[in-house]
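Notebook open, with a pocket and some ring contacts on my list for today. Here is what I am looking at.

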Amino acid sequence: MKIVLAQINCTAGDLHGNSLKILHACQHARDTEATLVITPEMALCSYLPEDWLLRKEFIQACYQALTTLAAQIQDITLVVGHPLYKDGRLFNAVSVIQNGHLLTTYRKNHLFTDQLLDERRYFTPGNQLCTFKCDNTFFGLDFDNEAVHPFRLLLAALLPTLVAALAFRLL
């Protein structure tokens with residue numbers, strides 16, 4: 001299995017431009033016979049759009065950009081970061097897109113806070129694990145700073161008949 005880590009430089013608030021960068025990364029992945037593309041956190045709107053997240057119109061535009069992007073994804077699996085408004089709350093999320101459809105969405109569990117950045121100002125923490133299948137391999141979704149928490153499942157690659165890889169980070 002080939003995986004493309006799309007190291008794209010997203011621009012805050014440029015949903016159309018960021019979508020084009022993501023689509024270009026997907027085309028590059030197809031050209032190199034990769035089957036999975038992983039984008040940076042909040043790639044759709046860029047990390048972190050800060051107070052734009054407080055605007056209902058911006059969140060609606062992000063969702064529209066996500067569904068438009070999803071419809072254009074074929075013959076590859078895309079993992080893309082975006083804000084998600086659900087049940088009256090805003091989440092830092094990542095969705096898996098396959099064959100034009102949103103397959104599953106993970107909501108970031110452990111929000112990052114330091115002197116310069118407070119994700120809790122904008123987002124509600126999620127509370128679910130999330131897995132998806134790509135080419136007979138199961139993956140678990142996680143954000144980079146969540147891996148520092150003890151006993152977090154980082155990646156589980158399960159073939160139909162045997163466990164191929166199971167990684168845990170114990171601190």
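How many nonpolar, polar and charged residues does the lining of the second largest pocket have? I sorted the lining by class and got nine nonpolar, two polar and two charged residues. Note to self: this is a predicted model.

Next I looked up the size of that pocket. The second largest pocket has a volume of about 190 Å³. It is lined by 13 residues, and K56, I59, Q60, Y63 and Y85 are the closest to its centre.

Then I checked which elements build the wall. Both α2 (56-72) and β3 (77-86) give at least two residues to the lining of the second largest pocket. The largest share is from α2, with six residues.

On to the rings. I searched the whole structure for aromatic pairs and found three. I wrote down two of them.

W52 with F58: the ring centres are 5.5 Å apart and the planes are at 50°, so I logged this pair as tilted. I also looked up burial for both partners. W52 has 36% relative accessibility, so it counts as partly exposed. F58 comes out at 9%, which means it counts as buried.

F132 with F139: here the centres are 5.4 Å apart with the planes at 20°; that is under the 30 degrees cut-off, so the pair is stacked. Both F132 and F139 are buried.

Last entry, a charge and a ring. I found the charged end of R107 over the ring of F91, 4.6 Å from the ring's centre.

Technical notes: Residues numbered from 1 in each chain as written. Predicted model: local features only at pLDDT ≥ 70, side-chain atom pairs only at ≥ 80, totals over all residues. Heavy atoms only, no water. 1 Å grid on protein atoms, 1.4 Å probe; cavity = no way out; pocket = protein on both sides within 12 Å on 5 of 7 lines; lining within 4 Å. Points joined across faces, edges and corners; volume = space filled by probe spheres on them. Helix = DSSP H or I, 4+ residues; strand = E, 2+ residues; numbered from the N terminus. Nonpolar A, V, L, I, M, F, W, Y, C, P; charged D, E, K, R; others polar. Phe/Tyr/Trp six-rings, centres within 6.5 Å; stacked < 30°, edge-to-face > 60°. Buried < 20%, exposed > 50% of the residue type's maximum accessible area, 1.4 Å probe, protein only. Lys NZ or Arg CZ within 6 Å of the ring centre and 35° of its normal.
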